[in-house]
Amino acid sequence: MMKLFFTKKLLLWNKKYNRREMPWKGEKDPYKIWLSEIILQQTRVEQGWNYYLRFIKTFPTVQQLANAPETKVFKLWEGLGYYSRCKNLIAAAKIIDKDYGGRFPAVYEEILGLPGIGPYTAAAIASFAFNLPYAVVDGNVLRVIARIGGITAPVDTAKGKTLLNKLAFELLDKKQPGLYNQAIMDFGAVVCKPKTPACNECIMHENCSAYQLELVADLPVKEKKIVKKSRWLYYFIITYKNQVYIRKRTAKDIWQNLHEFLLVEKDSPVTKKNWLLLSPVKQLLHPNEAVVTQVSKLYTQQLTHQTLHGQFIEISVNKAPNLGADFTGVTYAELGNYPFPKFMITYLQEKNVNLSQH
């Protein structure tokens, strides 16, 4: 039933009413499309806009990105979060440079085979850059189709995904897939929004099952509840002769490949009097040689599946600490040469530390 009206009305809306502007909109260069799509994973357009422009300016071609020092790329990504995206960006750029001679693959299956690229991103690149008939299916698209089609199958189950992906391909304008895909994403972002959708002004409302049945707030249906955990992070900034000690995070966890101070993580808050008694602080710093000089306020950062709480404890020591080979002593002025998580950037900026590269 949707096929009889949806695609035609959507493209009419796009032509007459869609005024959504973005710097990558209408772009045909697959490299730039790929960059924009990776940046926009887990990131709002408003936040990703300037990052995209900086990446294009710093690395105008995929070869320049592939051959750049990884620390420089991560530094440019700093503050965007979900740093596995940046790691995959670098890995994919190196493959394109080495295996494809610096030319972005123009076959959907080859695009899908690159690190960090799933069906949605592959469909976006294939349709926008090469006009291939692949439907993008992201949160905006799922919401639009579920509401207008009155589909109650949960969008986070295999059955629901199969049904909605099939319908998304059926609705796709096969002659102009790039135009259609951009239109349906924009429609979901500015009209059929998650909250306060503009139903009264919507070109589809006469045909929209959710609107007619007063189910807009109930669709799409999600079966699974996100279970969030809390983590308590205590960062010890150890100062010796004007140097502080940092290391690169290498574990497969949040903030991989970014830098941090000495970390003690706990499942619950730690009282102030016990800070210097925490392992490994107790083993690394003798109480007679360490003085707590400053303690930060409590910082909180909300990620998709976890809440981070943390404090920064500044400690002055009178002899060089033995923190291990993975720690490097740097001055505050040199911190700007290293990429840090937003959590730590906020703290350092409030201390008026200059985080520009030198």
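**Figure 1. Contact between helix 2 and helix 8 in the predicted model**. Helix 2 contributes Pro30, Ile33, Trp34, Glu37 and Ile38 to this contact. From helix 8, the residues that meet them are Tyr120, Thr121, Ala124, Ile125, Phe128, Ala129 and Phe130. By class, the residues of the contact divide into 10 nonpolar, 1 polar and 1 charged. Two packed helices are described by the angle between their axes and the distance between the axes. Here the axes of helix 2 (residues 30-40) and helix 8 (residues 119-130) come within 9 Å, and they cross at roughly 150°. The crossing of helix 2 and helix 8 is right-handed.

**Figure 2. Hairpin of strand 6 and strand 7**. Strand 6 (residues 299-302) and strand 7 (residues 306-317) run antiparallel and are joined by 4 bridges. The hairpin connection between strand 6 and strand 7 passes through 3 residues. Within this pairing, Tyr299 of strand 6 stands opposite Gly310 in strand 7. The side chains of strand 6 alternate along its length. Tyr299 and Gln301 point to one face and are buried, while Thr300 and Gln302 point to the other face and are not buried.

**Figure 3. Surroundings of Glu223 in the loop between helix 12 and strand 1**. The loop that holds Glu223 lies between helix 12 (209-212) and strand 1 (229-240). Glu223 counts as exposed because its relative accessibility is 54%, and the cut-off for this class is over 50%. Leaving aside neighbours within four places in sequence, Glu223 is in contact with Pro154, Asp156 and Thr157. Glu223 and Val155 are 68 residues apart in sequence, and their C-alpha atoms are 7.8 Å apart in space.

**Figure 4. Cysteines Cys86, Cys192 and Cys208**. A disulfide is a covalent bond between the sulfur atoms of two cysteines. For Cys192, the closest cysteine sulfur is that of Cys208, at 6.5 Å. This separation is too far for a bond, because a disulfide requires the sulfur atoms to be within 2.5 Å. By this rule, the count for the model comes to 0 disulfides. Cys192 has a relative accessibility of 10% and therefore counts as buried. Cys86, at 0% relative accessibility, likewise counts as buried, since the class takes in residues under 20%.

Definitions and conventions
Residues numbered from 1 in each chain as written. Predicted model: local features only at pLDDT ≥ 70, side-chain atom pairs only at ≥ 80, totals over all residues. Heavy atoms only, no water. Axes fitted to C-alpha atoms, helices over the stretch in contact; angles between N-to-C directions. Helix = DSSP H or I, 4+ residues; strand = E, 2+ residues; numbered from the N terminus. Left-handed = near helix turned anticlockwise from the far one by under 90°. Contact = heavy atoms within 4.5 Å. Nonpolar A, V, L, I, M, F, W, Y, C, P; charged D, E, K, R; others polar. Buried < 20%, exposed > 50% of the residue type's maximum accessible area, 1.4 Å probe, protein only. Pairing = 2+ DSSP bridges.
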